[in-house]
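Open the model in your viewer and keep the selection tool at hand. The tour goes from the surface to the interior.

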Amino acid sequence: MATQHLNVPDIGGAENVEVIEICVKPGDKVNKDDSLIVLESDKASMEIPAPVSGTVKSIQLKVGDKVSQGSPMLELDIAGAEVSQPVEKPVEKKSAPVAPAAKVEPEPVVAPPAPTTASAVATVENILVPDIGTSDAVEVIEVSVTVGTQIAAGDTMVVLESDKASMEIPAPKAGIVRALKIKVGDKISSGAALLDLETTSSAPTAAQQTPAAAPVAASAHATAPSSEIPQPSLPSTAPSQPAAVPASSSEVYAGPAVRRLAREMGIDLTRVPGSGPKNRIQKDDVKRFVKELMENRSPARAVTGGAGIPAVPAIDFAQFGPIDTQPLTGLHKAIASNMHRAWLNVPHVTQWDDADITELESFRETLKGDAEKRGVKLSPLPFLLKACVAALKMHPKFNASLHADGEHIVYKQYFHIGIAVDTPAGLMVPVLRDVDKKSVWELAAEAAELAQKAKDRKLKPAEMQGGCFSISSLGNIGGLGFTPIVNTPEVAILGVSKLTVKPIWNGSEFVPRKMLPLSLSYDHRALNGGDAGRFFATLNQMLGDIRRLVL
Ligand code: CAO
């Protein structure tokens, strides 16, 4: 048995940070990564995890103390073999933009190695994973450089995939890759070593020495990326949410050990009520939640109505024949979770109609030459976007969101429309901004560009947020119709199926008309059948005679 004196580790240069909670007392046995104390700066809270397992011998601080790196924390009796383990460093992150009020307790990461000493001519710098906006380890799905590659500042070094989306990590500066520290399939967090970069600068900058060690700065970067260090792009497949309810477990107030326990038990932390100070979720809360689930009681404060839903039994399909089981990608899981959330929270209704687009199609045909000259492909989609804006303007209830407080409805005075894009990685919904202010040509070009970016997994978070309404077009694929799921917190979505020529009675005879099958799903809390009928009437009028769009 040996005693290790633990001091407050590197907390990103923050000083005089308040101790808001001491999670242990003398005599407590702690496991590696169990929370020892919780600090709170004016920007965020951070948890200091135990670097090793042991027994708390004494505690050198109390709630309310102001501490900095190096302040004595506590003494831990530990097994001799573990004494040499380094103290792990806490990393705090910003809350996800969708839930600004939520607190984040990210996973700790091992303190990064010191960068190589600079030479007068060339410096080899150890480039670390910057703040990637999530506390969980994320998978390396692509290494975009090799040893010897000359890269420019901003070039993609690696592509990571979190449980939210994929993200590219850009080079902080130009240089030559001298060594790679990661490979495809590795799971890494902010602060992990990425690669060694030979640069021509005479000394590494402070920012490069500790990219993951400056939580306060990291928070600031979240809204205003540093011009010196390119920030990773973190596309979120989650549509923007009304504030107040944590949208994912990375946004709840819980420490690493609790998060690990929840992961092991398959528990969604957003559903677990926290009993600790400031509603922090503790291990006992997770265990209590599981017990309640097992006893088939409805756990308190469940966020959705999912708690009482009977589970689908796990089945060993191999008993029926050969199978091939593949892991779901993080993106796929995030998409599934968003769909599930929307499906559980939104009382859906879908209405159907056909729009007569015979004239629109003739007009589009006449534009083919122009389209070719402009290098743009003109499908019915940009016309649908314009017609939807006209309908949204006439029926503002469709350009709205229910407020999270359940007391208000928010009418938007901007017209951003999401388009569902079918990609090999799953369904993504980039958003075209200010559709009302753009021409059909501009919309055609922008939709094609965003769709391509989605397919290449190059969408940035901003390109997927802020939608007011969505269009999901399966027209080029086929099918008579479908019930799209509302992209909550939007209140309606238009499904578009394959155009067919139908015999339509014109009062004296049947004539062949090009009919576009439309399905309009909406949140029945915000809209009703009459609203949808009127919306369709406007939409079909616009699509039937697009000259009306200029009125
Ligand atoms: N009926 C018949 N043909 C249609 C059509 C329709 N409703 N909509 C488009 N087309 C035609 C286009 O005119 C184009 O024909 P040409 O090549 O002859 O010009 C062809 O289909 C291909 O169109 P496109 O896919 O390139 O372009 P788009 O603007 O129609 O769609 C995009 C773009 C990104 C929406 C689409 O590619 C896509 O990903 N759709 C799938 C969305 C999806 O999966 N939704 C399901 C969500 S619910 O799970």
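The stops below cover a surface patch, the cysteines and the nonpolar cores of this predicted model.

**Stop 1: a surface patch.** Select Ile315, Phe317, Phe320 and Ile323, and show their side chains. Together these residues make a nonpolar patch of about 460 Å² on the surface. Now centre the view on Phe320, which sits in the loop between α4 (283-294) and α5 (330-345). Is Phe320 buried or exposed? Its relative accessible area is 65%, and Phe320 counts as exposed because that value is over 50%.

**Stop 2: cysteines.** Select Cys388 next: its relative accessible area is 0%, so it is buried. Then select Cys468, which is also buried, with a relative accessible area of 0%. How many disulfides does a search of the whole structure find? The search finds zero.

**Stop 3: the largest nonpolar core.** This core has 57 residues. Select Phe469, Leu494, Leu518 and Leu539, the members that touch the most other members. To see where the core comes from, colour the elements that give two or more residues to it. Among them are the helices α5, α9 (440-455) and α10 (529-544), and the strands β24 (469-473), β25 (492-496) and β27 (510-523). Which element gives the most to this core? Select α8 (381-394): this helix gives 10 residues, the most of any element.

**Stop 4: a second core.** Finish by selecting Val24, Leu39, Val56 and Leu61. They belong to a second, separate core, which has 22 residues.

Terms used. Residues are numbered from 1 along each chain as its sequence is written. This is a predicted model: local features need pLDDT of at least 70, side-chain atom pairs count only at pLDDT 80 or more; totals for chains, interfaces and linings use all residues. Side-chain values use heavy atoms; hydrogens and water are left out. Patches are made of residues with over 30% relative accessible area and no salt bridge: like charges are joined within 9 Å, nonpolar side chains (Val, Leu, Ile, Met, Phe, Trp, Tyr) within 5 Å. Accessible areas come from the Shrake-Rupley method with a 1.4 Å probe; for residues, only the protein chains shown count as cover. A salt bridge is a side-chain nitrogen of Lys or Arg within 4 Å of a carboxyl oxygen of Asp or Glu. Helices (H or I, at least four residues) and strands (E, at least two) are DSSP runs, numbered from the N terminus. Buried means under 20% relative accessible area, exposed over 50%, partly exposed in between (1.4 Å probe, protein chains only). A disulfide is a pair of cysteine sulfur atoms within 2.5 Å. A nonpolar core is a set of buried Ala, Val, Leu, Ile, Met, Phe, Trp, Tyr and Cys residues joined through side-chain atoms within 4.5 Å.
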